[in-house]
Amino acid sequence: MRKSHSYRGPSKPAGGGRRTMGIYRTIYERSLEQPEAFWAEAAAALHWDKPWERVLDAEKAPFHRWFAGGRLNTCYNAVDRHVAAGRGGQPAVIHDSPVTNSRRVVTFAELLELVSRFAGALVRLGVAKGDRVIIYMPMVPEAVVAMLACARIGAIHSVVFGGFASHELATRIDDAKPVVIVSASCGIEGAKVLPYKPLLDRAIEQASHKPKHCIVLQRPPCEATLIRGRDVDWAEAMAAAHPVDCVPVEATDPLYILYTSGTTGQPKGVVRDNGGHATALLWSMRNIYGMKPGEVFWAASDVGWVVGHSYICYGPLLNGNTTVVYEGKPVGTPDPGAFWRVIAEHKVSVLFTAPTAFRAIKKEDPEGAFIRKHDLSSLRTLFLAGERCDPDTLLWAEAQLGVPVIDHWWQTETGWAIAANPIGIEKLPIRPGSPTVPMVGYDVQILDEAGKVLPAGRMGAICIRLPLPPGCLPTLWQADARYQQAYLSRYPGWYLTGDAGYKDSDGYLYIMSRIDDVINVAGHRLSTGAIEEVLASHKDVAECAVIGVADQLKGELPLGLVVLKAGVARDPAEIRQELIAKVRSEIGPVAAFKLVAIVSRLPKTRSGKILRGTMKKIADNSEYKVPATIDDPMILNEIADALKELGYGGAGANAA
Ligand code: COA
Ligand code: AMP
């Protein structure tokens with residue numbers, strides 16, 4: 001049974017933030033005033049094969065580089081270093097898989113053996129420093145092994161989330177041009193066995209670039225058929241390989257590419273370097289998450305997302321922590337007590353997940369009966385990120401678990417928290433609805449349309465003054481111009497986060513919405529533009545718009561409004577089903593695209609801009625103004641009716 005906590009009661013929307021911010025503020029201010037001294041000290045906690053020549057190289061600004069001239073190996077720092085220091089017997093990775101009813105513990109020494117052997121397998125198949133390797137795998141420890149093996153030989157990995165379908169995978173294959181793709185025969189989602197190999201084969205067929213080889217991990221519920229000459233069985237590749245050593249790389253060399261959604265169907269290849277990344281993650285493990293080496297850290301996410309890269313794989317291992325690779329869901333595997341069982345069984349100190357996971361648990365276990373069945377005394381803190389954390393969810397989690405619940409805000413591009421409550425430095429008062437304050441190195445300001453810094457309480461575009469701290473993207477993969485255009489051109493000298501919000505008078509940040517077409521579905525970042533591209537490619541569709549509508553469980557859901565070509569007289573229900581199936585097969589099940597309405601026209605301004613924001617407000621029952629520039633206000637009635645039929649909007653009279 002659960003032991004008692006020294007918990008001091010629920011969070012209050014407390015004042016006095018600044019009064020209690022002494023240590024944090026001193027450290028934060030130093031990081032902005034003396035960035036080079038600050039980050040040099042942080043980097044000294046790593047093993048460097050060659051010291052850097054310049055901490056911050058601004059020669060090619062705005063393309064800043066951290067630790068220029070330095071050489072290190074991220075895998076060495078995450079694995080070998082700990083074995084050399086005597087941690088070989090400590091669990092490095094715990095695979096907990098309720099969907100296969102199995103647990104597997106891999107110690108640091110075993111991880112070293114697996115990683116150096118798999119690195120040897122990659123080398124044997126022709127992978128060299130700087131080559132790309134795509135990893136398309138479910139939540140198995142081999143995914144982490146493959147990532148580290150790439151890091152070991154200086155190859156650049158690009159992990160593609162398993163919930164993406166062939167077309168998305170093909171897009172990434174064509175952009176990254178991998179020499180090898182590492183995959184598995186299948187993933188297991190709850191009770192469903194999902195064969196990955198047919199998706200992989202189809203993606204390679206669709207892509208113009210062809211990888212030389214695929215390494216396939218055969219998993220018992222469903223063995224894949226291998227293509228002779230191209231595909232290699234993981235086990236055979238391992239048996240034939242010789243372990244290889246770490247290759248020191250430039251601190252500024254890319255460690256990985258992670259594709260993320262932007263405004264179009266062409267995903268952005270976020271690049272992560274080696275030196276800045278390892279420095280920032282190690283700093284964050286100790287100072288944000290308050291983790292000591294030897295403790296167990298669990299990020300209940302997926303290796304396909306940035307949370308998985310930073311806090312399932314690299315962060316915990318760099319800090320000598322045990323990381324949990326969980327192959328299950330918060331509910332249904334088998335019940336809403338799944339998270340509590342994992343925490344109790346593996347003595348997890350810190351859990352990191354998305355608010356949507358807690359909303360799912362709360363829905364099935366509102367009184368927390370399952371929580372009380374487990375001993376959660378090891379749990380110190382819960383961290384939430386990935387989407388806006390509604391205060392109800394935060395307060396519920398806090399009351400049920402009796403530990404601080406920390407909302408923190410970041411994005412694929414930054415790789416670690418822009419704003420958080422730095423538990424490892426000092427716990428600042430929690431204000432539900434705010435991810436607290438900017439982290440070191442991030443000079444976060446709210447800008448108005450003209451680029452003027454706004455005072456407290458005023459809403460605007462959230463921007464970060466350049467240079468971004470170590471760990472953040474130095475550019476997009478082979479797309480410097482796109483990087484500048486997407487992030488740096490709107491406000492010269494600033495990085496545009498794409499989020500809108502405000503600061504309060506104590507400097508607490510509030511992240512309110514996106515300023516672009518990105519939506520957040522169950523903590524997964526999706527582009528409405530990408531879904532629109534799929535819908536528009538249906539033979540009967542003349543034009544369409546996709547909006548994100550509020551959803552109690554997933555935060556947002558995509559909803560499509562579609563206008564058919566003149567003369568199409570087919571059954572609308574059939575067309576709707578085809579559109580849903582098309583998004584599922586081209587983007588993937590993760591898009592959760594199930595809502596589509598066929599309308600006669602879309603509301604537009606006189607200059608032809610689709611009024612997506614107005615439609616979203618109607619769907620969410622928010623107050624809206626009929627835009628003065630609308631070409632035909634009457635169409636809004638038809639849109640409201642169509643949304644109502646799907647179960648959205650309905651108040652009808654919210655026009656102000
Ligand atoms: N491989 C293949 N398919 C996947 C997948 C994967 N790795 N991950 C998800 N899918 C599929 C699901 O099976 C589901 O398919 P369905 O339409 O056939 O049911 C679909 O994609 C949508 O998945 P998901 O958004 O996860 O919804 P869900 O209904 O299965 O579960 C939650 C809802 C809230 C329990 C779940 O979203 C969750 O645990 N979220 C945690 C958030 C998280 O990890 N965020 C990452 C950033 S921190
Ligand atoms: P991703 O790149 O998938 O991590 O998504 C990043 C985006 O998710 C951010 O730009 C925000 O829009 C949103 N987000 C992430 N964390 C938070 C948070 N704590 N509060 C509000 N929004 C968040």
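# A walk from Arg-525 outwards

Select Arg-525 and show what touches it: setting aside neighbours within four places in sequence, Arg-525 is in contact (heavy atoms within 4.5 Å) with Thr-260, Ser-261, Gln-411, Thr-412, Glu-413, Arg-514, Val-518 and Ile-519. Before going on, keep in mind that this is a predicted model, in which local features need pLDDT of at least 70, side-chain atom pairs count only at pLDDT 80 or more, and totals for chains, interfaces and linings use all residues. Residues are numbered from 1 along each chain as its sequence is written, chains are lettered from A and ligands numbered from 1 in the order in which they are written, and side-chain values use heavy atoms, with hydrogens and water left out.

**Stop 1: Arg-525 itself**

Colour by secondary structure and you'll find Arg-525 in strand β28, residues 524-527. Helices here (H or I, at least four residues) and strands (E, at least two) are DSSP runs, numbered from the N terminus. Buried or exposed? Arg-525 counts as buried because its relative accessibility is 12%. The cut-offs are under 20% relative accessible area for buried, over 50% for exposed and partly exposed in between, with a 1.4 Å probe and protein chains only.

Now draw two distances from its side chain. A polar contact of 2.8 Å links it to the side chain of Glu-413, and another, of 3.3 Å, goes to the side chain of Thr-260. A polar contact is a pair of N or O atoms within 3.5 Å; within protein, one must be able to donate a hydrogen and the other to accept it, and residues adjacent in sequence count only if both atoms are side-chain atoms.

**Stop 2: ligand 2**

Stay with Arg-525 and switch on ligand 2. One of the ligand's oxygen atoms lies 2.7 Å from a polar side-chain atom of Arg-525. Asp-499 also reaches in, with a side-chain N or O atom 2.5 Å from an oxygen atom of ligand 2. Arg-388 takes part through its backbone: an N or O atom there is 3.4 Å from a nitrogen atom of the ligand. On its own, ligand 2 exposes 500 Å², and the protein buries 92% of that; these areas come from the Shrake-Rupley method with a 1.4 Å probe, and for residues only the protein chains shown count as cover.

Which residues come nearest to ligand 2? Of the 15 around it (a heavy atom within 4 Å), they are His-408, Thr-412, Asp-499, Arg-514 and Arg-525. Coloured by class, the shell shows four nonpolar, five polar and six charged residues. For that colouring, Ala, Val, Leu, Ile, Met, Phe, Trp, Tyr, Cys and Pro count as nonpolar, Asp, Glu, Lys and Arg as charged, and the others, Gly among them, as polar.

**Stop 3: ligand 1**

Centre on ligand 1 next. It has 24 residues around it, the closest being Glu-189, Lys-192, Lys-329, Lys-554 and Arg-584. Two lysines are worth a distance line each: a side-chain N or O atom of Lys-192 is 2.8 Å from an oxygen atom of the ligand, and a polar side-chain atom of Lys-329 is 2.9 Å from an oxygen atom of ligand 1. Pro-589 offers a backbone N or O atom, 3.5 Å from an oxygen atom of the ligand. Taken alone, ligand 1 exposes 930 Å², of which the protein buries 84%. Its shell splits into 11 nonpolar, six polar and seven charged residues.

**Stop 4: the domains**

Where does that shell come from? Domain 2 (71-328) and domain 3 (522-645) each supply at least three residues to the shell around ligand 1. Domain 1 (1-33 + 442-515) completes the division, with bounds from an automatic or database domain assignment. The centres of domains 2 and 3, taken over C-alpha atoms, are 36 Å apart, and their contact takes 14 residues from each.

**Stop 5: helix α6**

Select residues 166-176. This is helix α6, mostly covered, with eight of its 11 residues buried. Leu-169 and Ile-173 are among them. The buried residues pack against β6 (132-136), β8 (180-184), α7 (197-206), β14 (254-260) and α16 (572-586). Just past the helix, check Lys-177, which has a positive phi of about 50 degrees.

**Stop 6: two buried side trips**

Val-303 sits in the loop between β16 (296-299) and α10 (306-318), and counts as buried at 1% relative accessibility. Beyond its neighbours within four places in sequence, its contacts include Pro-138, Met-139 and Ile-312.

Finish at Leu-643 in helix α18, residues 635-645. With 0% relative accessibility, Leu-643 is buried. Outside four places in sequence, its contacts are Leu-559, Leu-561, Met-615, Ile-618, Ala-619 and Tyr-648.
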